[in-house]
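Work through the exercises below with the model open beside you. Each task is followed by a solution in steps.

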Amino acid sequence: MAAAIKAVRGTRDILDRESPTWRFLEATAARVFSLYGYRELRTPIFEKTELFARAVGGDTDIVEKEMYVFEDRNGASLALRPEGTAGVVRSFIENGLDRQLPWRVFYKGPMFRYERPQKGRYRQFHQMGCELFGPPGPMADAEMLMMVMRFFIDAGLEELVTLELNSLGCPACRPGYREKLLEYLHAHTEALCGNCQSRLERNPLRVLDCKNPNCKEVAASAPRTVEHLCTACGDHFQGLTGHLEAENIPLTVNPMMVRGLDYYTRTVFEVTTTALGAQNAVAAGGRYDGLVATMGGRATPAIGFAMGLERLALLLDERACPDPATPTVYVVAAGEGADLVGLGLTEQLRRLGVATEINLQGGSMRNQMKKAGRSGAPWSVIIGEREVDEGTVQLKQMATGEQQTLASEGLAERIAGRLYDGS
Ligand SMILES: [Zn+2]
Ligand SMILES: [Zn+2]
């Protein structure tokens, strides 16, 4: 036998038995996003490497260490997308969409990062996210967070998650804050981990969300962004929390949250859970008012977020999600002429919208009934030689074992009718 080829490390199959969960998450999110006026945008899975270097930031872990970069046959440097926002911003600028603001879009699909694989983290992972371009004020931030929380309510996950919020300020107030933070961190440099020490000057904010216990201790007493906002940023943050409180959306202000990407301004947020072991973010995002201009477009305020589908699927793990492929009817056909009648009936039921499975492998009536039981179908139709001769079928309710004889004439319509009126 030839050696079997395995999947690439850090990738996995989402098996057919898991996909009802995924489809439930994707359908719930798409439905909620549509309620708020978001349409789907599908951008390519690979882009020019420089797009991500410029959008995400050249000195981030993502761009420095984690991107899948390759040369195509023409020598162009391309990268598999490590996140969704850069492509959306590129599309916004390239298609001249700043002439019809606000622009609301969502996306879904695989992203790629060369990270150490662990539970719930893969090198090909999947995100759904939204971006809103145009409105600069706190009302836009509030609407987006209401939409995020509406998703968690509709997915039945709201009990498991917390909304955390912070403001990172703007180009007017961040430099002053940065000074104060650096001054404080310089006084505690020896206590910081190597990673934080080396990026201290470039990105002192990252010390605040470093997971190292020593860094955490230093961060606990560090100056906080929310206490050093300019008036405009302070008003924005107050306006946002005011809107959310008016809508009774529970939130926690987390002054340590800085997010990993360089482009955020003002509002940043995470939806976190402790249900997967250590505290994890299942959705995260923020405002990025400067990014469109950085990417070569006309300055346009924007805000967005992404959710990780792997972690959301883990959160839903134990719950049964609707599976549209579970048959409502299982057709058992045994004996002379039964398969002809059975396959015809099966196709008519499907035409009427009834998910129907028919046994394709023959076998005894007893054997086929076992398969009907395992299929999960609440009903079975039994066609044996006697039924073929008499022009009838047996309709059996699997839960009660109750069985009745129905004439073949107009059968599919009558079965469908029986299923839907519940009698
Ligand atoms: Zn500011
Ligand atoms: Zn550190």
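**Exercise 1.** In what order do the three strands of the open sheet lie, and is the pairing parallel or antiparallel?

Solution. This is a predicted model, in which local features need pLDDT of at least 70 and side-chain atom pairs count only at pLDDT 80 or more, while totals for chains, interfaces and linings use all residues. Residues are numbered from 1 along each chain as its sequence is written, and chains are lettered from A and ligands numbered from 1 in the order in which they are written.

Step 1. Strands (E, at least two residues) and helices (H or I, at least four) are DSSP runs, numbered from the N terminus. Two strands pair if DSSP finds at least two bridges between them.

Step 2. The order is β2-β4-β3, and the pairing is antiparallel. At the edges are β2 (46–48) and β3 (69–71), each paired on one side only. From one strand to the next, the twist averages 35°.

Step 3. Three bridges join β3 to β4 (residues 77–80). Opposite E71 stands S77 in β4.

**Exercise 2.** Describe helix α5 by its span and its buried residues.

Solution. Step 1. The expected span of a helix is 1.5 Å times one less than its number of residues. Helix α5 (residues 138–154) has 17 residues and reaches 24 Å from its first C-alpha to its last, close to the 24 Å expected.

Step 2. A residue is buried if 20 or more other C-beta atoms, placed from the backbone, lie within 10 Å of its own, exposed if 12 or fewer, and partly exposed in between. Buried residues of α5 include A140, M144, V148 and F152.

Step 3. An α-helix has 3.6 residues a turn, so residues three or four places apart point the same way.

Step 4. Just after α5, G156 has a positive phi of about 75°.

**Exercise 3.** Locate the unusual backbone at P102, N248 and R266.

Solution. Step 1. Most residues other than glycine have a negative phi, and most peptide bonds are trans.

Step 2. The bond joining L101 and P102 is cis, with omega about -5°. P102 belongs to the loop between α4 (85–94) and β5 (103–112).

Step 3. N248 has a positive phi near 55° and lies in the loop between α9 (231–246) and β8 (252–253). R266, also not a glycine, has a positive phi of about 55°, but its place is in strand β9 (residues 265–273).

Step 4. Are N248 and R266 buried or exposed? N248 is exposed, because 6 other C-beta atoms lie within 10 Å. R266 has 27 C-beta neighbours inside 10 Å and therefore counts as buried.

Notes: Axes are lines fitted to C-alpha atoms, for helices over the stretch in contact, and angles run from 0 to 180 degrees between N-to-C directions.
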